[in-house]
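User: I would like to work through a structure by asking about its contacts, its helices and its cores. Please keep the terms clear.

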Amino acid sequence: MTTQDETHSPTADDIIVCNDVHKWYGSFHALRGVSTSVRRGEVVVIIGPSGSGKSTFIRTINRLEQHQRGQIVVDGLELSNDVRNIDAVRREVGMVFQSFNLFPHLTVMRNITLAPNKVRRTPLAEAEAAAMELLERVGIPEQADKYPGELSGGQQQRVAIARALAMQPKIMLFDEPTSALDPEMIKEVLEVMRELAASNMTILAVTHELGFAREAADRIVMFDEGQIVEDQPPDDFFNNPRHERVVRFLSQIL
Amino acid sequence: MSAAEVRRPAPPLPPPITETGWIGWAKANLFNNWLSSLLTIVVTPLVILGLWFLIRWLFTADWTLITSRPQQYVIGLYPTEHAWRPLTGWLLVSLLWGMGAGIWRGGSAYRVTIAYGLFSLVVGLLPYGLFHPDVVMPWWVRLFILVNLPVLAAGFGLGCNRITGRAGWFVLGGLAAYLLFLLLLSGLPGVPGMEQVSPRQWGGLMLNLTLALFGIVLSFPIGMLLALGRRSGLPVAKLLCVGFIEIFRGVPLITLLFVSQVLVPLALPEDFPVNPVTRAAITITLFSAAYMAENIRGGLQGLPRGQGEAAQALGLAGWQVTSLILLPQAIRNVIPAIVGQFISLFKDTSLVYIIGMLDILEMGRSIVQGNVEFIDNGRELFLFVAVVFWMFTYTMSYISRRIESHLGVGVR
């Protein structure tokens with residue numbers, strides 16, 4: 001498999017490099033030797049059946065989960081127990097969750113300005129101006145002074161994207177961002193993600209939205225039982241899957 | 001069938017008469033089913049009978065044991081000539097109260113403040129001489145009490161001011177006022193008019209309030225630290241916190257008070273400068289902190305895991321995640337439990353009678369037992385003390401409910 005080897009050999013252009021990453025939950029082997037790398041500006045969509053380790057994998061990239069063997073290097077910094085590296089990586093990596101996880105006790109504006117103000121020490125007025133721009137970008141500037149509980153799911157997820165973008169990250173991680181949404185709200189969130197993908201942001205997204213994957217992804221990676229079983233550009237992924245498991249999975253969800 | 005068939009909505013009709021007004025209310029609450037109807041029929045005459053006895057007793061009740069010596073219920077055996085010191089303390093409370101109302105403006109803050117002002121006015125103008133020609137309230141005491149009203153207004157002005165009206169100043173001012181109050185009560189050797197008054201002479205409602213305030217102000221931050229320590233990843237800190245919480249929760253407060261008065265002095269040098277009141281205050285505080293810790297831990301436990309993860313993912317440091325994201329939500333969720341703990345702490349201050357302190361309840365009991373003419377007036381005493389305690393606890397409960405609904409903004 002020469003193409004796969006090419007993808008995995010780290011180059012200067014790679015912003016994320018994973019080498020033989022293993023993760024256990026107790027005795028359960030969740031990640032079983034994951035090696036891959038992501039280039040700057042690349043959009044990678046990760047799919048796979050539930051329990052296949054795809055969420056665990058993207059959560060190791062900002063160390064919400066610790067890997068126990070192997071190596072993860074993000075923008076030149078290796079993730080280890082070194083707290084300074086972890087903090088530095090988290091500043092550069094934004095994350096969007098399935099359940100939004102907005103802070104319910106803070107207004108939308110405060111949700112977005114909190115981290116720039118407290119972590120990057122951006123003056124509040126400046127952070128607020130930037131937050132307003134981001135809210136325009138995700139299409140809900142009029143909700144700035146509301147609390148998250150007063151917004152619809154789709155609006156909350158768009159605020160969550162704006163909150164992550166406010167740290168001006170180099171990489172965005174999406175962990176099933178549309179799985180908790182009603183169908184009519186999925187569209188508005190995917191639109192924001194599409195716009196983001198077109199803006200040269202490096203994106204890793206776990207999602208079941210194959211339409212989005214087909215249009216926006218540079219690569220689709222499929223996980224099964226803690227391993228990468230397929231890693232191809234969308235056209236090849238859908239038209240000539242190399243692995244029988246992909247065919248079975250696609251037939252199950254299409 | 002035409003797809004675009006237009007359906008006219010039915011016009012709303014008024015509900016049947018049996019569902020609204022007092023008939024509807026009685027039906028829903030008193031005669032809901034046969035069991036509740038039966039209970040209503042049986043209980044109503046009993047309640048009326050009980051009220052009848054109570055009202056008849058109230059008319060024959062003799063309140064002399066309270067009206068003849070109001071001072072002792074308020075400040076215990078604190079010397080009369082030094083009464084200006086606790087009275088100044090009351091002025092400090094008024095100043096802060098007004099300031100608080102100015103900072104957290106709104107209907108409920110005003111209502112509580114007006115009630116407080118009216119209370120001061122009534123106490124200051126009460127014509128004691130009508131009931132007891134022999135009990136005179138000195139003019140300067142009246143003056144002190146009435147001055148509370150302008151001081152309350154001045155505090156309100158401070159609270160409304162843009163520069164002084166900040167929560168931070170309020171907290172700082174509260175701490176300073178409390179220390180000043182303790183200094184006033186105990187006195188300064190060598191300063192004329194500030195002769196030392198032994199804490200043994202502190203008593204009455206003043207003692208209950210002093211202990212309760214000390215406990216409330218300190219048990220909250222201590223409890224918070226204990227809760228965080230119990231959840232922390234440091235094994236030693238965790239062990240210490242768990243040990244502290246379980247020991248102080250597992251022993252009755254009375255036992256702890258005895259230990260602090262009887263056993264702790266054995267372990268200290270003889271002239272160790274900690275008086276019995278301070279010791280009781282510390283004991284009550286630590287006892288309450290152990291419960292507080294568990295309340296706050298409950299609040300932290302109840303938060304979704306995603307809250308901490310989202311904060312970490314944004315790059316916030318551990319202490320920022322805790323102080324900006326987790327604690328504010330956890331505390332808001334357990335305000336009812338926290339205020340419940342404050343209320344129970346306030347009521348528990350009565351227990352200091354077992355170490356020989358004369359709080360309002362024990363002061364009254366000693367008046368009943370020490371005077372033959374009052375030997376039959378126990379009922380009046382206990383009703384009076386109950387009403388006093390209730391006034392304070394209800395105020396706390398009312399304020400907490402208002403804070404809850406105020407903070408409830410945006411919560412689904």
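User: Among contacts in chain B between residues at least 6 apart in sequence, what percentage join residues at least 24 apart?

Analyst: This is a predicted model, in which local features need pLDDT of at least 70, side-chain atom pairs count only at pLDDT 80 or more, and totals for chains, interfaces and linings use all residues. Residues are numbered from 1 along each chain as its sequence is written, with chains lettered from A and ligands numbered from 1 in the order in which they are written. Two residues are in contact if their C-beta atoms, placed from the backbone, lie within 7 Å. Among the chain B contacts between residues at least 6 apart, the share joining residues at least 24 apart is 75%.

User: Is A:Leu114 buried or exposed?

Analyst: A residue is buried if 20 or more other C-beta atoms lie within 10 Å of its own, exposed if 12 or fewer, and partly exposed in between, with C-beta atoms placed from the backbone. A:Leu114 has 22 C-beta neighbours inside 10 Å, so A:Leu114 counts as buried.

User: Which residue of chain B does A:Leu114 touch?

Analyst: A:Leu114 is found in helix α4 of chain A, residues 108-118; helices (H or I, at least four residues) and strands (E, at least two) are DSSP runs, numbered from the N terminus. Leaving out residues up to four places away in sequence, A:Leu114 touches A:Leu106 and, in chain B, B:Leu324.

User: Which helix of chain A helps cover the buried residues of α15(B)?

Analyst: The buried residues of α15(B) include B:Leu324, B:Ile325 and B:Leu326. Their cover includes α10, α13 and α14 of chain B, together with a helix of chain A, α4.

User: Where does α15(B) bend by about 40°?

Analyst: The bend at a residue is the angle between axes fitted to the seven residues ending there and the seven starting there. A proline, B:Pro328, follows the bend within four residues, and the bend itself is at B:Leu326.

User: Which helix gives the largest share of the largest nonpolar core?

Analyst: A nonpolar core is a set of buried Ala, Val, Leu, Ile, Met, Phe, Trp, Tyr and Cys residues joined through C-beta atoms within 7 Å. The largest one has 133 residues, and A:Leu173 is one of those with the most contacts inside it. Its largest share, 13 residues, comes from α13(B).
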